[in-house]
Amino acid sequence: MVGFGFPAYIVWVLIVVKPLGVLAILVRRPVWLAELAYAGMFFHLLLAASAHINAGDGGYPPALIGVALLLVSFFTQNAARAVPSAVVTEIRGA
């Protein structure tokens, strides 16, 4: 992370926050917290891909694959959950 210009302490923050985000998405109680976790992961993966592209090290494909999988998960979450996401319903216009 320091090689990309980020402070070293951010690693410890991500070690704590990433698993909590996954847990929030899986549990979905409350739904707004799961949506916040989706947003956080989306921006994190997008910025990770951008950092790798700007560094020129070729490490961006896993981040882009992660973005694609996250978007599939986000847009199919209402089909798999009992409590629907108002954001997805609003985006689809249903």
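## Close-up views of a four-helix chain

**View 1. The whole chain at a glance.** Of the contacts (heavy atoms within 4.5 Å) between residues at least 6 apart in sequence in the protein chain, 43% join residues at least 24 apart. This is a predicted model, in which local features need pLDDT of at least 70 and side-chain atom pairs count only at pLDDT 80 or more, while totals for chains, interfaces and linings use all residues. Residues are numbered from 1 along each chain as its sequence is written, and side-chain values use heavy atoms, with hydrogens and water left out. The protein chain holds four helices and zero strands, in the order α-α-α-α from the N terminus; helices (H or I, at least four residues) and strands (E, at least two) are DSSP runs, numbered from the N terminus. Along the principal axes, the C-alpha atoms of the chain fill a box of roughly 45 × 25 × 15 Å. Of the 94 residues, 23% are buried, where buried means under 20% relative accessible area, exposed means over 50%, and partly exposed lies in between (1.4 Å probe, protein chains only). The accessible surface comes to about 6300 Å², and carbon and sulfur atoms account for 75% of this surface. These areas come from the Shrake-Rupley method with a 1.4 Å probe, and for residues only the protein chains shown count as cover.

**View 2. Helix α1 and the segment before it.** Helix α1 covers residues 10-27, and its 18 residues should span 26 Å at 1.5 Å a residue. The expected span is 1.5 Å times one less than the number of residues. The end C-alpha atoms of α1 are 25 Å apart, which agrees. Look along this helix for its buried residues, Gly21, Ala24 and Ile25; they pack against α2 (31-55). Gly5 lies in the segment before α1 and is exposed, with a relative accessible area of 63%. From Gly5 to Pro19 there are 14 residues in sequence and 24 Å in space, C-alpha to C-alpha.

**View 3. The loop between α1 and α2.** Here you can find Arg28 and Pro30. Arg28 comes just after α1 and has a positive phi of about 55°, although it is not a glycine. Is Arg28 buried or exposed? Arg28 is buried, with a relative accessible area of 3%. A little further on, the peptide bond from Arg29 to Pro30 is cis, with omega near -5°.

**View 4. A cluster of aromatic rings.** How many aromatic pairs does a search of the whole structure find? The search finds three. Rings of Phe, Tyr and Trp (its six-membered ring) pair if their centres lie within 6.5 Å; planes under 30 degrees apart count as stacked, over 60 as edge-to-face and the rest as tilted. One of the pairs joins Tyr38 and Phe74, edge-to-face, at 5.2 Å centre to centre with 75° between the planes. This pair links distant parts of the chain, with Tyr38 in helix α2 and Phe74 in helix α3 (residues 61-80), 36 residues apart. Both Tyr38 and Phe74 are buried. The rings of Phe74 and Phe75 have centres 5.1 Å apart and planes at 80°, so this pair is edge-to-face too. Phe74 has a relative accessible area of 12%, whereas Phe75 is partly exposed at 31%. Ring pairs thus bring Tyr38, Phe74 and Phe75 into a cluster.

**View 5. The largest pocket.** Rolling a probe the size of a water molecule over the atoms shows where empty space is left. On a 1 Å grid over the protein atoms alone, a pocket is an open set of points where a 1.4 Å probe fits, with protein on both sides within 12 Å along at least five of seven lines; lining residues have an atom within 4 Å of a point. The largest pocket has a volume of about 640 Å³, the space filled by probe spheres set on the points, which are joined across faces, edges and corners. Its lining has 24 residues, and Leu14, Lys18, Gly40, His44 and Leu45 lie nearest the centre. Helices α1 and α2 each supply at least two lining residues, and the largest share, twelve residues, comes from α2.

**View 6. Leu45 and its contacts.** Leu45 lies in helix α2. Leaving aside neighbours within four places in sequence, Leu45 is in contact with Ala63, Gly66, Val67 and Leu70. The C-alpha atoms of Leu45 and Ala82 are separated by 27 Å, with these positions 37 residues apart along the chain counted as their sequence distance.
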